[in-house]
Amino acid sequence: MSPSITREDRTVPDPVSASSGAIKHPGHIDEFLLYRIHKLTRVGIRGVGLMFRREIGISRRDWRILAFVGQHPGLSLSKLAELTSLDTVIASRCVAQLVQRGLLASARQRENKRILSLNLTESGEAAYARAHAGGQHYNMELAETVSPTMKRLNWTACLASWRSAPAN
């Protein structure tokens, strides 16, 4: 069995420490690299989602929307949907809820009344700042659980390599 990462009561296989043979020729689902990455991601996402709900009262999706609107004031709904990888209908519903809760303000653009321009409200800016700080803190804690092998891995190079690999 390959080494694993333990976070609270969950143990997840370490995707980097597994022998290269098991990664290249997995014998069981637990040895598939994408499955291991998926499991690691779920542990992290679950934890940060609980933290956002408990401490700020927002969901991960709310955070994603607040973060992109905070980075791009005046963002249109269609561009927000694209940046957040959300369906436009889902993004629209989420924005409507955030507007209703007083975290986002939406206004029709002067040039094209069909396009909404989104901005953080004062409360939205405060939630965004708290979520960003909480996310950074969570990220630092999560990084402490990462194995030395994973810390040395050049993730940017891995992603670039995966993106440039020919599709079969």
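Tutor: Let us begin with a cut-off: a residue is called buried when its relative accessible area is under 20%, exposed when it is over 50%, and partly exposed when it falls in between. The model in front of you is predicted, and the values we discuss are computed from it.

Student: Why is Glu-55 called partly exposed?

Tutor: Its relative accessible area is 43%, a value that lies between the limits of 20% and 50%, and therefore Glu-55 belongs to the class in between. Arg-54, by contrast, has a relative accessibility of 60%, and because that is over 50%, Arg-54 counts as exposed.

Student: What makes the pair Glu-55 and Arg-54 a salt bridge?

Tutor: The rule asks for a side-chain nitrogen of Lys or Arg within 4 Å of a carboxyl oxygen of Asp or Glu. For the side chains of Glu-55 and Arg-54 the N to O distance is 3.6 Å, which is within 4 Å, so the pair qualifies. As a general point, side chains of opposite charge can pair when their charged atoms come close.

Student: How many salt bridges does the structure hold?

Tutor: The structure holds three. Another of them joins the side chains of Arg-101 and Asp-62, with 3.2 Å from N to O. Arg-101 lies in the loop between α5 and β4 (104-108), whereas Asp-62 lies in helix α3, so this pair ties together parts that are 39 residues apart in sequence.

Student: How do you know whether Asp-62 is buried or exposed?

Tutor: Asp-62 has a relative accessibility of 7%, which is under 20%, and therefore it counts as buried. Its partner Arg-101, at 44%, is partly exposed.

Student: What separates Glu-82 and Lys-79 in helix α4?

Tutor: The two residues are three places apart in helix α4, which means that about one helical turn separates them. Their closest N and O atoms are 3.3 Å apart, and because this is within 4 Å, Glu-82 and Lys-79 form a salt bridge. Glu-82 is exposed, with a relative accessible area of 53%, while Lys-79, at 35%, is partly exposed.

Student: Why is Ser-117 called buried?

Tutor: Ser-117, which lies in strand β5, has a relative accessible area of 16%, and since that is under 20%, the residue is classed as buried. Leaving out residues up to four places away in sequence, Ser-117 touches Gly-74, Leu-75, Ala-105, Ser-106, Ala-107 and Gln-109. The C-alpha atoms of Ser-117 and Ala-107 are 5.3 Å apart, although the two residues are 10 places apart in sequence.

Student: Why is Ser-85 called exposed?

Tutor: The relative accessible area of Ser-85 is 64%, which is over 50%, so the word exposed applies. Ser-85 sits in the loop between α4 and α5, and its phi is near 60 degrees, a positive value in a residue other than glycine.

Student: What makes a set of residues a nonpolar core?

Tutor: The residues must be buried, must be of nonpolar kinds such as Val, Leu, Ile and Phe, and must be joined through side-chain atoms within 4.5 Å. The largest nonpolar core here has 26 residues, and those with the most contacts inside it include Phe-52, Ile-65 and Val-69. Its largest share, five residues, comes from α3. In soluble globular proteins, nonpolar side chains tend to be buried together.

Student: Which residues is Val-69 in contact with, leaving aside its neighbours within four places in sequence?

Tutor: They are Leu-75, Leu-80, Leu-104, Leu-118, Asn-119 and Leu-120; the word contact is used because heavy atoms lie within 4.5 Å.

Student: Which residues line the second largest pocket?

Tutor: The lining includes Ile-45, Val-48, Phe-52, Trp-63, Arg-64, Gln-71 and Gly-135. Two or more residues each come from α2 (33-55) and α3 (60-71), and α3 gives the most, with seven. The pocket holds about 280 Å³ of space.

Student: How many residues of each class does the lining of the second largest pocket have?

Tutor: There are six nonpolar, two polar and three charged residues. Gly-135 is one of the polar pair, because Gly is counted as polar under the rule used here, and Arg-64 is one of the charged residues, because Arg is counted as charged.

Technical notes:
Residues are numbered from 1 along each chain as its sequence is written. This is a predicted model: local features need pLDDT of at least 70, side-chain atom pairs count only at pLDDT 80 or more; totals for chains, interfaces and linings use all residues. Side-chain values use heavy atoms; hydrogens and water are left out. On a 1 Å grid over the protein atoms alone, a cavity is a set of points where a 1.4 Å probe fits but cannot get out, and a pocket is an open set with protein on both sides within 12 Å along at least five of seven lines; lining residues have an atom within 4 Å of a point. Grid points are joined across faces, edges and corners, and a volume is the space filled by probe spheres set on the points. Helices (H or I, at least four residues) and strands (E, at least two) are DSSP runs, numbered from the N terminus. Buried means under 20% relative accessible area, exposed over 50%, partly exposed in between (1.4 Å probe, protein chains only).
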